Amino acid sequence: MAIADVTHVRPASASDYIALLKPRVMSLVVFTGLVGYMVAPGQGDAVLGFAAILAIAVAAGAAGALNMWYDSDIDAIMSRTRTRPIPAGRVAREEALGLGLTLSILSVLTMLLAANALAAALLAFTIFFYVVVYTMWLKRSTPQNIVIGGLSGALPPAIAWAAKTGALALDPAIMVAIIFVWTPPHFWALSLLSHKDYADARVPMLPVTHGAKSTRRHVFAYSLLLAPIGLAPMLTGLGGPIYGAIAGLGGALFLFLAFRVLNSRAGEGDKAQDKPARDLFGFSILYLFALFAALLAERGFA
């Protein structure tokens, strides 16, 4: 691990501790969790609902801090992550570990008090799965790390649903499935742009172990799965006409962009050829946000 020269490192600020919580990742987790809570049946309780969503947000931040604690060695190698607080020398690893563990306990206890044991157990499982199963095991051992590890990022709608209703059902499972299948093409598009970083850090992402061409095929294959799964809420009545229009058009555009990636040379070292992967990565975020925003508009405020 590259050690920063502490004589030229500024002291840690509040923004460094916020950065440990991965706020950008947290925002998507909170949004999908909020939608899961709002579209679940029943009136719910505004105060307890806020506490449950807050617990999901804190758990996501805790998992992010624990991820940065464990991955600080490879973060120091990768250009995309070497300015993070730990590899840059502004926050000690032990501080990140303590922060992550403390927030993990607080988030699960908050969920237990605000909601129920099922939601608290699912939240604890999500933290464990992201930190232990994904970060400590899958990420450094298999190119399927993103596929399997994506479950942790997919569960917040089900956790929120359970927090409101005390049970699980088909609709939250569909929301989880959408995020789960969306995760591989989203992250593989990014990994095509950052394959050298992953190779330098010896992280077995798909472009490193199987090459760019195989990764592009995987991106397209998962996009073929994602487009119909995105329409699944129409079958149960969870999604209405607005959702159907957005899922249909969005799925078609997702497939088009994935087809461009398939027929490109993205990830082969020429930055000028990476645009299709960059376009798909950017659109994938908008696509997922639009799907859940449509559910919120149709069901959450109905």
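In this predicted model, F283 and Y287 are 4 residues apart in helix α15, which spans residues 275-300, and the two are therefore separated by about one helical turn. Their rings form an aromatic pair, with a distance of 6.3 Å centre to centre and an angle of 35° between the planes; because planes under 30 degrees apart would count as stacked and those over 60 as edge-to-face, the arrangement of F283 and Y287 is classed as tilted. Both partners fall under the 20% limit for burial, F283 being buried at 14% relative accessibility and Y287 being buried at 2%. The pair does not stand alone, since F254 joins F283 and Y287 in one aromatic cluster. Over the whole structure, the search for such ring pairs returns 9.

An aromatic ring is also involved in an interaction with a charged group, in that the charged end of K164 sits over the ring of Y37, at 5.3 Å from the centre of that ring.

A further set of contacts centres on N116, a residue of the loop between α5 (93-114) and α6 (117-137). Although placed in a loop, N116 is buried, its relative accessible area being 18%. The side chain of N116 reaches the backbone nitrogen of A119 at 2.8 Å, and A119 falls within the residue range of α6. When residues up to four places away in sequence are set aside, N116 touches M111, A162, A163 and G166.

How values were computed: Residues numbered from 1 in each chain as written. Predicted model: local features only at pLDDT ≥ 70, side-chain atom pairs only at ≥ 80, totals over all residues. Heavy atoms only, no water. Phe/Tyr/Trp six-rings, centres within 6.5 Å; stacked < 30°, edge-to-face > 60°. Buried < 20%, exposed > 50% of the residue type's maximum accessible area, 1.4 Å probe, protein only. Lys NZ or Arg CZ within 6 Å of the ring centre and 35° of its normal. Polar contact = N/O pair within 3.5 Å; in protein donor to acceptor, adjacent residues only side chain to side chain. Contact = heavy atoms within 4.5 Å.
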